[in-house]
Amino acid sequence: MNDIQIKAILAGVFFGIWPLFINRSGLSGNVSSAAFSIWTFFLVLPFAITSNGIVLPPANWLMVALACTAAALGLLAFNSGLAKVTPQEVGAFFALMIVVQITVPALHHIIETGEISVTKLSGFVVAGIAAYLLS
């Protein structure tokens with residue numbers, strides 16, 4: 001296994017576990033989103049500073065703003081749902097979100113390449129069935 005695969009696995013583990021913790025926090029969706037964002041900011045900041053210093057690198061800041069806006073809206077929607085489901089329902093809620101989340105880049109790939117294969121079409125059907133069966 002290479003470094004990138006290990007990072008993908010670690011990201012999957014941590015992205016998979018934080019919603020289980022925040023669901024049991026007792027915070028409302030918007031408050032848990034704010035607490036999550038603030039705590040995450042302070043944990044990530046030292047890594048950002050030590051990797052680049054305080055200098056902002058050249059970037060497409062419109063894409064940064066769009067990414068942050070999408071992430072904020074997703075976090076608010078996700079955490080407001082997490083605040084309302086029981087610990088027994090959180091798995092089904094999370095599974096549905098993941099199926100939709102996987103579908104978005106798959107659709108993006110189809111739009112970018114202009115190609116849809118039987119395999120990809122089958123994947124969408126199976127993902128839909130999985131989301132239905134898991135919820």
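Trainee: How much accessible area do the residues of the nonpolar patch on the surface, Ile6 among them, have together?
Mentor: In this predicted model, residues count from 1 along each chain as its sequence is written, local features need pLDDT of at least 70, side-chain atom pairs need pLDDT 80 or more, and totals for chains, interfaces and linings use all residues. Side-chain values use heavy atoms, leaving out hydrogens and water. A patch takes residues with over 30% relative accessible area and no salt bridge (a Lys or Arg side-chain nitrogen within 4 Å of an Asp or Glu carboxyl oxygen), joining like charges within 9 Å and nonpolar side chains (Val, Leu, Ile, Met, Phe, Trp, Tyr) within 5 Å. Here Met1, Ile6, Ile9, Leu10, Val13, Phe14, Ile17, Leu20 and Phe21 make up the patch, and by the Shrake-Rupley method with a 1.4 Å probe, where only the protein chains shown count as cover for residues, their joint area is about 900 Å².

Trainee: Is Ile6 buried or exposed, or something in between?
Mentor: Ile6 sits in helix H1, helices being DSSP runs (H or I, at least four residues) numbered from the N terminus. Buried means under 20% relative accessible area and exposed over 50%, with partly exposed in between (1.4 Å probe, protein chains only). Ile6 has 39%, so it's partly exposed.

Trainee: How many aromatic pairs are there?
Mentor: Rings of Phe, Tyr and Trp (its six-membered ring) pair if their centres lie within 6.5 Å; planes under 30 degrees apart are stacked, over 60 edge-to-face and the rest tilted. By this rule, the count is five.

Trainee: What kind of pair do Trp18 and Phe78 make?
Mentor: This pair ties together parts 60 residues apart in sequence, because Trp18 lies in helix H1 (residues 3–23) and Phe78 in helix H3 (residues 61–84). Trp18 is buried at 19% relative accessibility, and Phe78 is buried at 9%. Their ring centres are 5.7 Å apart with planes at 75°, so the pair is edge-to-face.

Trainee: And which kind is Phe78 with Phe93?
Mentor: Phe93 is partly exposed at 24% relative accessible area. The ring centres of Phe78 and Phe93 lie 5.4 Å apart with planes at 20°, so the pair is stacked.

Trainee: Which residues form one aromatic cluster?
Mentor: We've already met some of them. The cluster brings together Trp18, Phe36, Phe78, Phe93 and Phe94.

Trainee: What separates the C-alpha atoms of Thr86 and Arg24?
Mentor: Thr86 is in the loop between H3 and H4. Along the chain, Thr86 and Arg24 are 62 residues apart, yet their C-alpha atoms are separated by 8.7 Å.

Note on methods
Helices (H or I, at least four residues) and strands (E, at least two) are DSSP runs, numbered from the N terminus.
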